[in-house]
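Please open the model in your viewer and keep the sequence panel beside it. The stops below run from the whole chain to single side chains, with a suggestion at each for what to select next.

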Amino acid sequence: MIVTKKTGVAPRLAEVLSVVLGTAEIPLRLKAWDGSEAGPAGAPVIEFRSRRALRRMLWSPGQLGLSRAYVAGDIDAPGDVFASFAALGSAGKFAEPGPFRSPTVRELATILKNAALLGALGANPAPPPEEARIVRAGRRHTRTRDAAAISHHYDVGNDFYALVLGPSMVYSCAVWQDEGTGLEAAQDAKLDLVCRKLGLQPGMRVLDVGCGWGSFALHAAQNYGVDVVGVTLSGEQAARAGKRVAEAGLTDRVAIRVQDYRDVVDGPFDAISSIGMSEHVGREQMPEYVARLHGLLRPGGRLLNHAISWNAGPSAPDPNSFIPRYVFPDGEMLALAEMVGALEAGGLEILDVEALRRHYALTLRAWVRNLEEHWSEAVQLGGEGRARVWRLYMAASALGFESGMTGVNQILVQRPGGAEPLLPRTAWI
């Protein structure tokens, strides 16, 4: 039953939102800028702070309009962020996979009528400054454009990421023994799992593609006695990774470079790790990605590709939705079958596939807790808009993994030829 605290703006907002969401009754408690409320008592709360929020929804009547309003602070989710975003319909309706359905002529008339009564008609507000400014014309995944996309996401401040990720500085799915494991232990378990799958031994030479802040390189060098070359397109990541390597006394074992993986020419390597990087490669560039890494592996060497997968059917995420616009410009998620097919087509033998979808949901929830517990510091470091982008993106992504819309998989492959070491008889763990 719809309950209103008093007449005013909120009931009309509720009518608009029900049209946008395609529901008879909104599953939310709305609070409006005039103090009025509407919606089920006890439901998750969404607060509309200004008419500008509704104006954004009129100009972009889908997830992009809602997302822009949230990032700009025109709307807020003051309570449980997971419950509020889930109540908007699903993780997909607020972050992935794409826009809401287009309203019918009658529904559009209802929206416009209420917007006029609320004084919300007007020019399209400028997008928040956190929206990616990468030129959308021209060819994607050139070296220059890839560098710009990576910089947009990763060069937002190492200290900001440290608040979110915690001491491990690992920005990919952890591996949890159970929900009480703890983020740092779960990330350490993931790093070690990758090392074991790659069969690392002292003296091996390892390439870490998309090395981030150097956590895998440090773990492999310290615990398995290997030499590691880590490459990233992010200058800020490389600076922090290099500092960590020096502090660990491993400059003779670990080299960190600002370099495109396509420009690495000093192979062969005994093993290659690619953890959370191939999502940036793009579907059309995947054959080149596989061919380059194949060429850098010695015969018999192993590659572990750890990547998010798209599980929601043949329709790909809308490139103009929230995640591409604010978080991962030009990013593309492939289905697991596509990724396996690309690796096999590139001449690599599949040794093992492990799905870690539920592990990533736990990881993202832990990152959201870190962000919310250090909110004032995060705002000081990155600005409120940036903190809001990360809160929305990580919370909605967690819901996406929990629903099965997205997955994450570790695919272990080997370049044929050479001496093949024995595989373990039991599972990797």
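Begin with the whole chain: among the contacts in the protein chain (heavy atoms within 4.5 Å) with a separation of 6 or more, 75% are made by residues 24 or more positions apart. What you have on screen is a predicted model, in which local features need pLDDT of at least 70 and side-chain atom pairs count only at pLDDT 80 or more, while totals for chains, interfaces and linings use all residues. Residues are numbered from 1 along each chain as its sequence is written, and side-chain values use heavy atoms, with hydrogens and water left out.

Colour next by secondary structure, where the protein chain comes to 17 helices and twelve strands; these are DSSP runs numbered from the N terminus, helices being H or I with at least four residues and strands E with at least two. Of the 429 residues, 55% count as buried, where buried means under 20% relative accessible area, exposed over 50%, and partly exposed in between (1.4 Å probe, protein chains only). If you switch on the surface, the chain exposes about 17,400 Å², of which carbon and sulfur atoms supply 54%; accessible areas come from the Shrake-Rupley method with a 1.4 Å probe, and for residues only the protein chains shown count as cover.

**The seven-stranded sheet**

Select the strands in the order β8-β7-β6-β9-β10-β12-β11, which form an open sheet with mixed pairing; two strands pair if DSSP finds at least two bridges between them. At the edges are β8 (254-258) and β11 (349-355), each of which pairs on one side only. From one strand to the next, the twist averages 15 degrees.

Helix α11 (residues 235-247) is the element to add now, as it packs on the sheet and touches β7 (227-232) and β8, with its direction at about 165 degrees to that of β8; axes are lines fitted to C-alpha atoms, for helices over the stretch in contact, and angles run from 0 to 180 degrees between N-to-C directions.

Within the sheet, turn to strand β10 (residues 297-310) and strand β12 (residues 406-414), which run antiparallel and are joined by nine bridges. L304 stands opposite L412 in β12.

**Salt bridges**

How many salt bridges does the structure hold? There are 22, a salt bridge being a side-chain nitrogen of Lys or Arg within 4 Å of a carboxyl oxygen of Asp or Glu. Staying with β10, select R298, whose salt bridge with D270 has its closest N and O atoms 2.8 Å apart; this pair links strand β10 to strand β9 (residues 269-275) across 28 residues of sequence. R298 counts as partly exposed because its relative accessibility is 24%.

Move on to E131 and R68, whose side chains meet in a salt bridge at 3.0 Å, N to O. E131 lies in the loop between α6 and α7 (143-154) and R68 in helix α3 (residues 63-72), 63 residues apart. Both ends are buried, E131 at 5% relative accessibility and R68 at 9%.

Select R49, D76, E384 and R388 together to see a network of salt bridges linking them.

**Helices α1 and α6**

Finish with V19 in helix α1 (residues 9-21), which counts as buried because its relative accessibility is 13%. V19 and I111 are 92 residues apart in sequence, yet 7.5 Å apart in space, C-alpha to C-alpha. For a last selection, take L112 in helix α6 (residues 105-117), which is partly exposed, with a relative accessible area of 40%.
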